[in-house]
Amino acid sequence: MARLARFGHGARALLCGALTACLPLGIWLDGARLRHVVLAALMSLALGCAMLWRRRRQVCDGRGGKPRASARSQQLRARLDSAIGDGEFCFHYQGKFDTAQLRLVGLEALLRWDHPRHGLVYPNEFIGLAEQTDAIVALGNWGIDAACRQLAQWRAAGLPLVPVAVNVSARQLCQPHLPDFVQHCLQRHAIAPGLLELEVTESCCIDDMAQATQGLRRLRALGLVISLDDYGTGHAGLSHVRMLPIHTIKIDRSFIRDVGSGGSAGSDTVIVASTIALARGLGLQVLAEGVENGEQLAQLRRLGCPQVQGFYLHRPAPAAEVAALLSAGAPAGLVTVSRHGAMRPGADAQ
């Protein structure tokens, strides 16, 4: 509380808001074990304080303003629609592993734009542009079909398959035809529903929650896995856990970066441990993103985190390179550190 006092009225408002936000959750968990209710309340408060601290650092560092669009950004915006039709987008795939034996348990499909002038462009440069138009829906639909097509190609090559996760946008979730489109892609490429996973970003603002929930429930009924990505970075985390039919919580990399390092990183360790405990209590899978060294992996094992993802185990790679990983590592083979070696933290995380 002494630390919160330094933030003034804003911190006290956040504290009250976090506790108030827990009341509906407490009602939702009525009849569950008391420790789950208390744990959820503490998590809500801890996540709120973490976001406040990061916002304060952004303001102090002068990063709170809205940047002006650069010439490069304007060029990307102008070409976005035609780039989808011209086949300029592709996926790089990153492995997911269990912490017990480091076995490959899945892949995440990470979008890349192979721009004819700028080369390989990462999502942080174009997803925001796509979300301002209908391009985000077209891009999301392309991604679902591309993931199913790639699974079919790996299967035709005789490779063992693991589930592939694709990110979906808030606008895509609100499309009534999404379940039908997904089912059509699965049938066209003869892919079992359990091999496709949809990831919903926690911080996304879903305009029509009822429509999104109904669609995701239909997809879960088909056998798809639904994950809540970047957990801890937005304001709707516990609300999404309560309302959406999710199977997996993915803890955001920002909480993993200093986990187990002691000092100021202690709060991140508490948040990670609380998230793992909450997921276990609710019968959900949990995965930690952004694992970049052995110390983080060891600490996550001690905390009981069952699955991890990050550069320490596998760097995102094109489908041709991932074929070798599938052949050697799925489902029972041990996975070693990527031959690409260490990377600058967060360089191609998305």
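These legends go with close-up views of a predicted model.

**View 1. Arg-72 and Glu-125 pair up across two helices.**
Here's one of the twelve salt bridges that a search of the whole structure turns up. Arg-72 and Glu-125 come together with their closest N and O atoms 2.6 Å apart. Arg-72 belongs to helix α4 (residues 71-85) and Glu-125 to helix α5 (residues 123-131), so this contact ties together parts that sit 53 residues apart in sequence. Buried or exposed? Neither label fits Arg-72, which is partly exposed at a relative accessible area of 28%. Glu-125 is partly exposed too, at 29%.

**View 2. Glu-199 meets Lys-96 in a salt bridge.**
The N-to-O distance for this pair is 3.4 Å. Glu-199 comes from strand β5 (residues 196-201) and Lys-96 from strand β1 (residues 89-98), so to speak distant parts of the chain, 103 residues apart. Look for both partners away from the surface: Glu-199 is buried, and Lys-96 is buried as well.

**View 3. Lys-250 and Glu-108 form another buried pair.**
In this close-up, the side chains of Lys-250 and Glu-108 meet in a salt bridge at 3.0 Å, N to O. Strand β7 (residues 248-251) supplies Lys-250 and strand β2 (residues 104-115) supplies Glu-108, which puts the two 142 residues apart along the chain. How buried are they? Lys-250 has a relative accessible area of 1%, and Glu-108 has 3%.

**View 4. Shared partners join six residues into one network.**
Pull back a little from the previous two views and the pairs turn out to be connected. Salt bridges with partners in common join Lys-96, Glu-108, Glu-197, Glu-199, Lys-250 and Glu-289. Among these, Glu-199 and Lys-96 are the buried pair from β5 and β1, while Lys-250 and Glu-108 are the one from β7 and β2.

**View 5. Helix α9 runs from residue 209 to residue 222.**
How far does α9 reach? From its first C-alpha to its last, this 14-residue helix covers 20 Å, close to the 20 Å expected at 1.5 Å a residue. Its buried residues are Met-209, Gln-211, Ala-212, Thr-213, Gly-215, Leu-216 and Leu-219. When reading that list, keep in mind that an α-helix has 3.6 residues a turn, so residues three or four places apart point the same way. Just after α9 comes Gly-223, with a positive phi near 115°.

Conventions: Residues numbered from 1 in each chain as written. Predicted model: local features only at pLDDT ≥ 70, side-chain atom pairs only at ≥ 80, totals over all residues. Heavy atoms only, no water. Salt bridge = Lys/Arg side-chain N within 4 Å of Asp/Glu carboxyl O. Helix = DSSP H or I, 4+ residues; strand = E, 2+ residues; numbered from the N terminus. Buried < 20%, exposed > 50% of the residue type's maximum accessible area, 1.4 Å probe, protein only. Expected span 1.5 Å × (residues − 1).
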